[in-house]
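Q: Let's go through this one together. Can you show me how to read its cavities and salt bridges?

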Amino acid sequence: MQINPGAAEFPHRQIAAQLKAQVRRGDWAPGERLPSIPAIAEMFGVAKQTVQRAVDQLRVEGILITKPGSGTYVRGTRRRLNRLARGRYGGFRGYHTDLAARYKQQLVSVGRAPAPPEVADAFGVSDGTELLCRRHLVRTDESPVEVGASWFLPADTAGTSLERAEAFGRPLYQEAEEATGRRYATATDTISARQPSREEAEILQIRPDTPVLHLLHVAHDAHRKPIEVAQATWPGPMTTLTEEYKIPAPTPDPDPDPGLVLG
């Protein structure tokens, strides 16, 4: 392990590139702990701060994860985003895509809460309007990977099962359809990247400067009136958005107007 002092690339970027290459070669397996920062600094003959910058870069890229008081580890498999958006409804009605076995969803709380601006806008109500909120957390054996919430209008949910602090043995949308008497017809997903709030960073066990991906999922009935507004936030470096779709074949040019004389 060495760096080139005369190279145009900064030393910490050179170190990051070499560490990344070692991970790709399998020198360190997913979940394996890397040598300590001082040990890596000694290997490269640089200051500890330089190695820390390299580790920070690879952490933001989703290659490494730092566990306070424990060390730096190779991150495991990335999580695909399509589990709780389109996949929640399944290939056809009545079926759904379960979370993979390594993911565990936990209901955190159920109750009235002031609607944040994006949720209020989706429902067409004022910011801070009291709505029913069902908050959840998804985690693996290693760490939390998603913090989320589903919001409903109190007029739709008063006296129904949706107000109970219990998980259901079926997808939430099926429970909501039965409870509200309204059927989900269309949905819109908006995904954005941003910095996490302090609470999100603490729950997801990430540094405050680690970017997150945020999903706003708005489900409508046949009259385009929202039934549910769901939010989900994932650590950006360990999350990928993958979608497979068909590309239409080219269509032949239409025949020229037979009545048109060319020449």
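A: Start with the term: on a 1 Å grid over the protein atoms alone, a cavity is a set of points where a 1.4 Å probe fits but cannot get out, and lining residues have an atom within 4 Å of a point. Grid points are joined across faces, edges and corners, and volume means the space filled by probe spheres set on the points. This is a predicted model, where local features need pLDDT of at least 70 and side-chain atom pairs count only at pLDDT 80 or more, while totals for chains, interfaces and linings use all residues. Residues are numbered from 1 along each chain as its sequence is written, and side-chain values use heavy atoms, leaving out hydrogens and water.

Q: How many cavities of 30 Å³ or more does the structure hold?

A: Two. The second largest has about 40 Å³ of space, and its lining includes Ile65, Arg75, Ser143 and Met238.

Q: Which salt bridge links Asp209 to another side chain?

A: A salt bridge puts a side-chain nitrogen of Lys or Arg within 4 Å of a carboxyl oxygen of Asp or Glu. Asp209 meets Arg59 that way, at 3.6 Å from N to O. The two sit 150 residues apart, Asp209 in the loop between helix H7 and strand E8, Arg59 in helix H3 (DSSP runs numbered from the N terminus, at least four residues for helices, H or I, and at least two for strands, E).

Q: Is Arg59 buried or exposed?

A: Buried (under 20% relative accessible area; exposed is over 50%, partly exposed in between; 1.4 Å probe, protein chains only), because Arg59 has just 5%. Asp209, at 39%, is partly exposed.

Notes. 1 Å grid on protein atoms, 1.4 Å probe; cavity = no way out; pocket = protein on both sides within 12 Å on 5 of 7 lines; lining within 4 Å.
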